[in-house]
Amino acid sequence: MQLPPIIYGTAWKKEATKELVIQAVRAGFRAIDTACQKRHYNEAGVGEALHALAKEGIQRDQLFIQTKFTPIAGQDLDSAPYDPNAALSTQVAQSFEVSLKNLQTDYVNSLVLHSPIFPYKDLLEVWSAMEQIYENAQTHALGISNIYDLPTLKRFYDDASIKPSYVQNRFYAESDYDVELRKWCLQHGIVYQSFWTLTANPHILQDETLFQLSRTHKKNVVQILFSYLHQTGVTPLTGTTDPEHMRDDLQSFDITLSDEEIRSMDRLFI
């Protein structure tokens, strides 16, 4: 299954996760992002939603489900889904088994490393364990998140046997919007997924360029931004809890910006 143009993000949804995922899928979302990390995600709630949706006729193979292996630095020790004293490869395997149980599935569409691990040899050990899951056909693709240093990404890409299909990064000014990194990803067939796309960019949403395009296309500024990202090779995550915003977000891709309009947007991210 190809990655849809927008992903529903489930971070921080806690006990509301199940109902919000059901609501998002009913609205039309077909990609769901989660993680095996109780600190920020209720992965089991996603699984409960998938079970309920199947009863409504929306089957597992109609949905793109993405989860993550989160290294111990990103876990709370009392809720880590693996033995923190075990070998890294064992941690990956244990975490993934918990994910399958939580999600009530026997595969995921994408398994993402939540953040790079150092020293570098540990990163390769973790990735090798994820590659084994891929070889076992339990995930259809691999990805890495929170990687902002392009030389590290290039080195990692060269050393990986199974190349990452996805890079998921915070989309914000502090990283210069990953302009060079995104360009490199496009050249290597890697889909860049953006999070914090709206939260970190109120100044972008208030720019006159978006207001002008909003009037021209009769769409709101968020839809203009999402359309721009889609046309420039970025797949955004959104975690909205508002049903109307969900519907609006999904209609972003009805817009086709001209080359000139794309260029007018480009300058906002330089």
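**Helix talk: α8, α11 and α2**

Mentor: Helices α8 and α11 are roughly antiparallel to each other. Keep in mind that this is a predicted model, where local features need pLDDT of at least 70 and side-chain atom pairs count only at pLDDT 80 or more, while totals for chains, interfaces and linings use all residues. Residues are numbered from 1 along each chain as its sequence is written, and side-chain values use heavy atoms, with hydrogens and water left out.

Trainee: Why are α8 and α11 called roughly antiparallel?

Mentor: The axes of α8 (residues 208-217) and α11 (residues 259-266) cross at roughly 155° and come within 10 Å. Angles over 145 degrees count as roughly antiparallel, so the label fits α8 and α11.

Trainee: Which residues make the contact?

Mentor: Contact means heavy atoms within 4.5 Å. On α8 you've got T209, L210, L213, T216 and H217, and on α11 there are E261, S264 and M265.

Trainee: How do you know that the span of α2 agrees with its 13 residues?

Mentor: The expected span is 1.5 Å times one less than the number of residues. For α2 (residues 43-55) that gives 18 Å, and the end C-alpha atoms sit 19 Å apart, so the two agree.

Trainee: What are the buried residues of α2?

Mentor: Buried means under 20% relative accessible area, with a 1.4 Å probe and protein chains only. E43, G45, V46, G47, A49, L50, A52 and L53 are the buried ones in α2. Their cover includes α1 (17-27), β2 (31-33), β3 (64-69) and α3 (88-103).

Trainee: What follows α2?

Mentor: That's G57, with a positive phi near 105°.

Key: Axes are lines fitted to C-alpha atoms, for helices over the stretch in contact, and angles run from 0 to 180 degrees between N-to-C directions. Helices (H or I, at least four residues) and strands (E, at least two) are DSSP runs, numbered from the N terminus. Angles under 35 degrees count as roughly parallel, over 145 as roughly antiparallel, 65 to 115 as roughly perpendicular and the rest as oblique. Buried means under 20% relative accessible area, exposed over 50%, partly exposed in between (1.4 Å probe, protein chains only).
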